[in-house]
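Please open the model in a viewer and keep the selection tool at hand. The tour below proceeds stop by stop, indicating what to select and what is to be found there.

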Amino acid sequence: MHQGSWPRAVLPFLLGSSIARCNALALRDTARVATQSPVVFSLGVDRIREISDYVLAQDQAVFNNILSTVTPETATFNNTLAPWSRHQDEVAGLITAFNYIADPIAYNATNDFFAARSPFLANVTNSEEYWPLVKAVYDNLANENKLWTPEGRLATMFHQSRVDAGLSIPKGPDRDRYSTLVQEQQNLTRAFNANTQQPAAPPNLFFSREELEGVDPQLLATFTNGTGADAGKLGIDVLAQASAVIPIAKNQRVRQELAIGYNRLARDNVDILKQAYAGRDEMAQLLGYPNYAAARLQDTIAGSPENALALINEIGDTLKPSAADSVDQLNIIVKRDNSTASAYRWDIEYARIAIDEAQTNLTDDNFGSYFVPTFTVPTALQLFGQALGFDLQLVHGSELDALSPTGKGADILPAPQASLYEVRNSGSNDFAGYFYTDILARPGKISNSTQGTAIQRAHVSVNGTRTYPSVILNGGYYPTQHLSAEALANLFWQIGVAYWHLSCESEFGDLCGDAGAPTDFSQMPGQMMENFGFNPIVLQKVSRHWSYFSPNDTASWKQAHANSTQPPETLPFKTAKKAEQSKLTFKTLDTLYKVWYSLYDLQTHMPSSREAAKDLPITQIYNQLAVDACLVPWGESLPLQRLANGSPNYEWAWGQATYPDWMNYWYGRWYSWTWAKVYSEDVYYAKFANDPFNAENWREYRRKVLARAGDPKQFVADFLGREPNTGAFYHDVGII
């Protein structure tokens, strides 16, 4: 999740030669006047309190006006939902800067505001007077078959939040019981997360240096020195370090013991999960649903758990025959390094790295050294933006002062290290919004990650004035860091999310980007842009070997590589093609892994009866599905783990107890990644794989898919000229 504001694409005064690195960087045309002032982030205490007082007063006035002038009989979208939504959009613009306040006193003032406003917003959601009005609007739109229109989507969001609060249940014992269950779920989530982050007495496992062959010396230096019986050995913290060691340790026993240890952490969470599943099922029954999965999926594209299961089962059944080749390949790698040993799930990442090194050889020298954040990020922003029809112009120096409403350029940056781009539509030069970048590491930021999100969502005010979106790409990279293929995938994905928000043309901010999309579409634009980014032609365009950034960089490279030829300035096409192909390594097994998690998530929220829900054998379900869905044995088949009669032991560990998604946001909807992937692959392979810079296709994609609010399945069908299907999904996995 986003934590504060994060670092900048170009730091000329800190990095010296970084401007030379950004050969795609466009400077702003100062003759053009921005249609909209940027957000002022630098707020003093007095201004924060002034905004706070205004917002709190307007909250009351707008809400009271709806309640005093509308009845269930007269309730319409325009008099019941639109006024409150437009007010929320206005408020969001006023308080955006509150999330970027660094001064402690001013920060406390923002906390005072949020503390004062929170009870009122809870009252709006739980209002017995507002609920009949919301329900009347929703029911009318449902009866007119308009729930997938923009108005219908917003009505669904209003309606569902109040159903989730229990307002659809008549006052009385059932409502009271539901409220108790909601509070219990919140308490269980807090306890689960606490146990996951700090399980009771996580063990250190000790190994000799010889056993840790393959582990990077810098990582070895972080391990604990053993004492007593473990003297001379190195101790690995199972919670914090196992995931770093398992993919690279050559000794299979090391991988096995660490994996078993990790999957046996946080045992208390097993009971917490069982209580959560039982409570959710009871909540669904009180709401009138047959199970919790039905309640969670009723407002998604899938529409029902049966539809979600149908897709997941189809994908699993289709991939399993071809997965046998991957399993054979996995066994070959494991036996090569560990004699006659058979492969288990904990060997997959190790084997993947071995295969990639042999077949693609994407080392830091021949791949990562071409992707440095201070060049690749601004270049990718420009390239991806140009494809969508956006023209990004860097605002810097005195131009920041001229653009700032306060006359101080620093006031319109979310952090001193951030950069600001003014965005216009290509061709027309019409103003389209602002794009901020803040991608370099500093204390308090999440390292080696990127997130694209909206600072201010597009919307139209009550007087018809359009507010254009402002988006930000946050990151935690170091200036000279080399980006791995995995880091690039995340970067491209998040740029896609940011441009989705920037493309929004909705009247209501709550319908923009992933904020208004159903969960089983919300990842599609990011997935699509990741595909585009890994097109070999695109990879070449966003690459530049660091030794070409400046004469000093060239000299440094030559000093470290005496008698060697300087690498090509741009990533060779052959290497770019290998990077694209590397995504196929064990891709069937990776996809079956997602089938496993989707099935576990759906099955645990679809118990056969109310009684069954009270004591689900969740560990057995989790472990048995792992083997049935993924085809690779796990701990259940180890000789020491088997039952007395020799049968597999599906209670050997409880890996589900450390996975946060089962308690945070995605529970009941984990299938969504795969559902969205079907759409993203179909769009990419139909329109962009063979013609990645087709301007007409990109403009159509922006106009027909990204800009619109409502029914994304229909948007994709409109863009493709047909209904989406799974053919491209299977092609991407490598089986068609």
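Select helix α24, residues 587-604, in this predicted model. Most of α24 is covered, with 15 of its 18 residues buried. How far apart are the end C-alpha atoms of α24? They lie 26 Å apart, which agrees with the 26 Å that 18 residues should span at 1.5 Å a residue.

**A pair of helices**

Next, select helix α20 (residues 524-533) together with helix α27 (residues 672-687). Their axes come within 8 Å and cross at roughly 45 degrees. That angle falls outside the ranges for roughly parallel, antiparallel or perpendicular, so α20 is oblique to α27. The crossing of α20 past α27 is right-handed. To view the contact itself, display Met524, Gln527, Met528, Asn531 and Phe532 on the α20 side. The residues they meet in α27 include Trp673, Ala676, Tyr679, Val683 and Tyr684.

**The sheet of three strands**

Now turn to the open sheet whose three strands are ordered β1-β3-β2, with antiparallel pairing. Which strands stand at its edges? These are β1 (204-207) and β2 (224-225); each has a single partner strand, so one side of each is left without a neighbour in the sheet.

Select strand β3, residues 234-237, and follow its pairing with β2: the two run antiparallel and are joined by two bridges. Asn225 stands opposite Leu234 of β3. Two helices pack on this sheet. Helix α10 (residues 238-245) touches β1 and β3, and its direction makes about 100 degrees with that of β3. Helix α11 (residues 252-262) also touches β1 and β3, and its direction makes about 170 degrees with that of β1.

On the β1 side, β3 is joined to β1 by four bridges, again in the antiparallel sense. Here Leu234 is the bridge partner of Phe207. Leu234 can therefore be centred in the view to inspect both pairings, with Asn225 and with Phe207. While examining these strands, one may bear in mind that side chains in a regular strand alternate between the two faces of the sheet.

**The sheet of five strands**

Proceed to a second open sheet, in which five strands follow the order β4-β5-β6-β10-β7 with mixed pairing. Its edges are formed by β4 (390-395) and β7 (450-456); each of these has a single partner strand, so one side of each lacks a neighbour in the sheet. From one strand to the next, the twist averages 25 degrees.

Within this sheet, select strand β6 (residues 431-440) and strand β10 (residues 470-477), which pair in the parallel sense over six bridges. Thr437 has Leu473 in β10 as its bridge partner.

**A final residue**

Finally, select Asp139, which is found in helix α6 (residues 130-143). Is Asp139 buried or partly exposed? Its relative accessibility is 25%, so Asp139 counts as partly exposed. Add Gln456 to the selection: Asp139 and Gln456 are 317 residues apart in sequence, and their C-alpha atoms are 31 Å apart in space.

Notes:
Residues are numbered from 1 along each chain as its sequence is written. This is a predicted model: local features need pLDDT of at least 70, side-chain atom pairs count only at pLDDT 80 or more; totals for chains, interfaces and linings use all residues. Side-chain values use heavy atoms; hydrogens and water are left out. Two strands pair if DSSP finds at least two bridges between them. Contact means heavy atoms within 4.5 Å. Axes are lines fitted to C-alpha atoms, for helices over the stretch in contact, and angles run from 0 to 180 degrees between N-to-C directions. The expected span of a helix is 1.5 Å times one less than its number of residues. Buried means under 20% relative accessible area, exposed over 50%, partly exposed in between (1.4 Å probe, protein chains only). Angles under 35 degrees count as roughly parallel, over 145 as roughly antiparallel, 65 to 115 as roughly perpendicular and the rest as oblique. A crossing is left-handed if the near helix is turned anticlockwise from the far one by less than a right angle, and right-handed if clockwise.
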